[in-house]
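Trainee: Could you take me slowly through one part of this model, chain B, and then show me how that chain fits with its partner? I would like one connected account rather than a list.

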Amino acid sequence: MTEPHAIVTVDGLSVSFDEREVTHGVSLKLYPGRITALVGESGSGKSVTAMALPRLDPSVATVTGHAYLDETAAAGTGTSGTSSGNADATGRDIDLLAADAPLQRIRGEYIGTVFQEPSTAFNPVFTLGMQVAESLKYHQKGLSAAERKAKVLEQLREVGLDDAERVWSSYPHELSGGQLQRVMIAMAIINRPKVLIADEPTTALDVTTQQAILKLISRLAAELDLAVLLITHDMGVVWQAASDVYVMHDGVIVEQGSVADVFRAPKDDYTRMLLAAVPRLHVESPAAVPSDPAGTDVEAHDSTFKTSDTTGSDANANTPTAETSDPIGTVATVRNPAPESSDPAGTVAKVHEPARQTSDPVGTDVSGREPAVKTSDSVGTDGVTGTDEERAVLGDGERIASVEDVAVAYKPGKYAVEGISFDLVAGRTRALVGESGAGKTTIAKVVSGQLAPTAGRVLIAGEDLARAHGRRKRTILSHMGYVFQDSGSALNPRKSVAWSIAEPMSVQGGFSADEKRRRVLELLDQVELPADVADRFPHQLSGGQRQRVGIARALALNPSLLIADEPTSSLDVTVQRRVLDLLHRLQCEHGFACLFITHDLGIVQEVSDVITVLRHGRVVESGATERVLNHPRAEYTRTLLDASPKIDL
Amino acid sequence: MKILAYIGKRVASSLLVILLITLALFLIFFLLPTNPAQLSCGKPCTPEQLSRVAAFMGTDQPWYVQMGNYIAGIFVGRTFGTGGGAVVCNAPCLGYSFRLGEPVSQLIADRFPVTASIAVGAAVLWLVIGVATGVWAALKRDTIVDRTLLGLSVVGVSAPSYLIGLLMVIAFALVIQIFPSGGYVNFTDDPVDWFYHLILPWLVLAILSAAGYTRITRTQMIGELSQDYIRTARSKGVPESVIVFKHALRNAMLPVMTMFGLDLGGLLGGAVLTEKVFSMQGLGALLLDSVSNLDLQVLVGATLFAAVLVIIANLIVDICYSLLDPRVTLGRS
């Protein structure tokens, strides 16, 4: 038994841009086999800090401080499976930030890096095989091209890309985001670095893909004794994957500790606020759902994931400090609402049998294709709809809009969405949920008259939107407000806020300048913005303020229907909290019907009364939100639920 | 296979473009208030002679018939007049210069090697100079090197070719006398002399065009070097030189290539001013000559030839583009 030995010790790291210091003396430690999360909102300095370690910060940045890489890490590279973490360091550590640091070896050989946006992180004109092999080329110089290829193919298979040969000769645009992220991970670890920096590795991915990638990272951390620094803004991701967490705010670490401790008893006010702001998904145990072969498969995924998480604490158990390893062990149990939680011995067994995890067929399954692709939907094309159940929730409020068997085909026979039917009722919110490409935005466009349906119809207050033209269509649309996803690009940058808010009134006509001004001020007040914002321009506002302006514009004509297309997905979590609260308050006051599009089930639970789950352009399940989330009938809903990060304390 | 289908489709649409160009040329040139027959009529020119000449040349027909005859001539050749005095213009007949007494296609065939020598050599030179300086400027962004190169490129872009050309002739042909001031020697006659005569025209054109390439390469390189994939390559420990010349340059070259294809295609149709300055008898000189002598058949033939070259250059660029950038799929618009 020895002390846990940090592989990376960051000491007083500060980054400045043009004399302006953005991070102030950050210190943190990374341990082999453990995932350490660095969490914070945009502008907190978390990415800048992480990128400074392999000196991938922008060239204008000045970095001061020290980041020591344990000497054993440098010694152990190039050969797989060598165990470090023992405390016999001779003290000849490498300072990553020193001017004479061996940059080329640090990058790729000591530290592997995984980036946020897999679609832009690869060079578009080279094959993926070439790009992964390049990682080997400059670190393992003796290899022939054929040997490099063999190694790359082996590595690709290890990260779960079974058709490695095809991936080898593919170009980045030919693979999905999840597949690309696997290739990126393969590229980062192919030289067996001791440290992996993952900068928002799942932010651009769908929730089921996110889960699979996080599982992969957990598994690799355990198997390769990899110290992972996970940069994220998402507390759910921290909970799902990390064992230790550092919370960063305004360039300073405000809190640190094990995930279990910090989540259960946050000491810092900012951490508390951050945790309080996260929309949490509370569902009854998914295990309560009676036996369904694929369903158990999904749960098995989950348990594997948790196992590897536990294995993380096992690696720690080799070098335990009582206060860290113990709570994490507890966490593993707490986080398992599934049957095995009632069986503490099971958890223990897994801790002592990491080998079982590798040979577990489900384990290979996890490393395979994204579960969303694989899981067959037993529900079939018609989906599950609970019409009576919806009626019970929606009450007999006024039907503002009816979507009747709508289909949109971009090419004859190629449907983007098909067979979509639902009602939107005054004062109630319907959430439209699904992963990217499910057809959420297409439906929003049809409902808002931007896109004519190929079949079916949309009735707004009894009128068929597609048949209305000119003034009549404008009148129908005046009952509708639209809040867009990206608040930054949804406002005209050259027009004042007042102009943007008043635009719907200008389009409809019949308002004097005075009336418009009065209304703008009134609306600003409603969305809790000061009146002087009216004469400012979008670039002078923060993201949250811009989204408020977007909401004010949507409400300008007192709409009876509000369509909100991922209105908070580009916002920080604390800002998102305030915008969601605002929307809720406005709905209570104005009683509009709301179509809320999101991919986040936590938000869904908070904002919606009824939910429509979409997949591949079809309704998979529809019904009262609480029923769907707690007792999903469609298998796909269960998959989504299962993949969604759930913070259960 | 896919690429052949694509080329077939492109050729078909190119033919349509060429037809439209021919139509435009006929409308412009043959409806001008000049009578081509008048020029070949000789002096004195009686109305009878004039109508005889017009009938001989075919210019007494309506313009669309003339155009039909012209197009037919390209494929099957045509014969002007009848009997002993008939002039035969074999396919592909791009017209017949009665002033020079030669078919236009023959004139083009004679002149094209001169223009092609100038154009291809200059293009290679300016591409190398432009891309090299562009990359250099991008790497030395906002330093004195960058600003100097940008300043020079402004001069290059804005200076007229005859000015640079004449200055070069004065400097290197008259004052220092190391290069000939003009003329052209066939490559097959004497390759060294051919090269020797072409150095100055190449330099003139290269200096002028490289400036634009410097700027576009610089802009593209700066853009590419700030892309995410560059950071990814750095994170793998790839040496900076490889990042610049392999990762960034290959992406930066894509728009440069488009420009290059168009420029080269256009230049092959005749480097008018440069040929004039260095007294070389290329297509440019032929065009200039035909304009000043109102030799309309030559003008139409040479212009059409130039247009076809631009279209071919475009086609080649598009095919190369699809080979360099896997995201571009041929045959999908």
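Mentor: Let us begin with the contacts inside chain B: among those between residues at least 6 apart in sequence, 65% join residues at least 24 apart. Please keep in mind throughout that this is a predicted model.

In secondary structure, chain B has 13 helices and four strands, and its C-alpha atoms fill a box of roughly 85 × 55 × 35 Å when the box is taken along the principal axes. Of the 333 residues in chain B, buried residues make up 37%.

The domain assignment of chain B gives two stretches, domain 1 covering 25-93 and domain 2 covering 111-324. Taken over C-alpha atoms, the centres of domain 1 and domain 2 of chain B are separated by 38 Å. Where these two domains of chain B meet, six residues of domain 1 are in contact with six residues of domain 2. On the domain 1 side of that meeting, the elements of chain B that give two or more residues are α1 (2-30) and α2 (36-40), and α1(B) gives the most, with three residues. Sorted by class, this side of domain 1 of chain B has five nonpolar residues and one polar residue, with no charged residues.

From here we can turn to the contact between the chains, which takes 23 residues from chain A and 19 residues from chain B. On the side of chain A that touches chain B, the elements giving two or more residues are α3 (103-110), α4 (118-121) and α5 (128-137) of chain A, and α3(A) gives the most, with five residues. That side of chain A divides into ten nonpolar, eight polar and five charged residues.

Now compare the inside of the model, where the largest nonpolar core has 161 residues, and where A:Val183, A:Ile217 and A:Val228 have the most contacts inside that core. Although these three residues belong to chain A, the largest share of the core, 15 residues, comes from helix α5 (residues 104-139) of chain B. If you centre your view on A:Val228 and leave aside residues up to four places away in sequence, you will find that A:Val228 touches A:Ile35, A:Thr36, A:Leu196, A:Ala198, A:Ile217 and A:Ala221. Apart from this core lies another, of 83 residues, which has A:Leu424, A:Val549, A:Ala552 and A:Ala634 among its members.

A:Leu424 is a useful place to pause, since we meet that residue again in a pair of strands. Strand β12 (residues 399-411) and strand β13 (residues 414-425) of chain A pair in the antiparallel sense over eight bridges, and within this pair A:Ala401 stands opposite A:Leu424 in β13(A). The hairpin that β12(A) and β13(A) form has two residues between the strands, and there A:Gly413 takes a positive phi near 85°.

To set chain B beside its partner, look finally at chain A as a whole, which has 28 helices and 21 strands. Chain A has 649 residues, of which 52% count as buried, and among its contacts between residues at least 6 apart in sequence, 73% join residues at least 24 apart.

How values were computed. Residues numbered from 1 in each chain as written. Chains lettered and ligands numbered in written order. Predicted model: local features only at pLDDT ≥ 70, side-chain atom pairs only at ≥ 80, totals over all residues. Contact = placed C-beta atoms within 7 Å. Nonpolar A, V, L, I, M, F, W, Y, C, P; charged D, E, K, R; others polar. Buried ≥ 20, exposed ≤ 12 C-beta atoms within 10 Å, placed from the backbone. Pairing = 2+ DSSP bridges. Core = buried A, V, L, I, M, F, W, Y, C linked by C-beta atoms within 7 Å. Domains from an automatic or database assignment.
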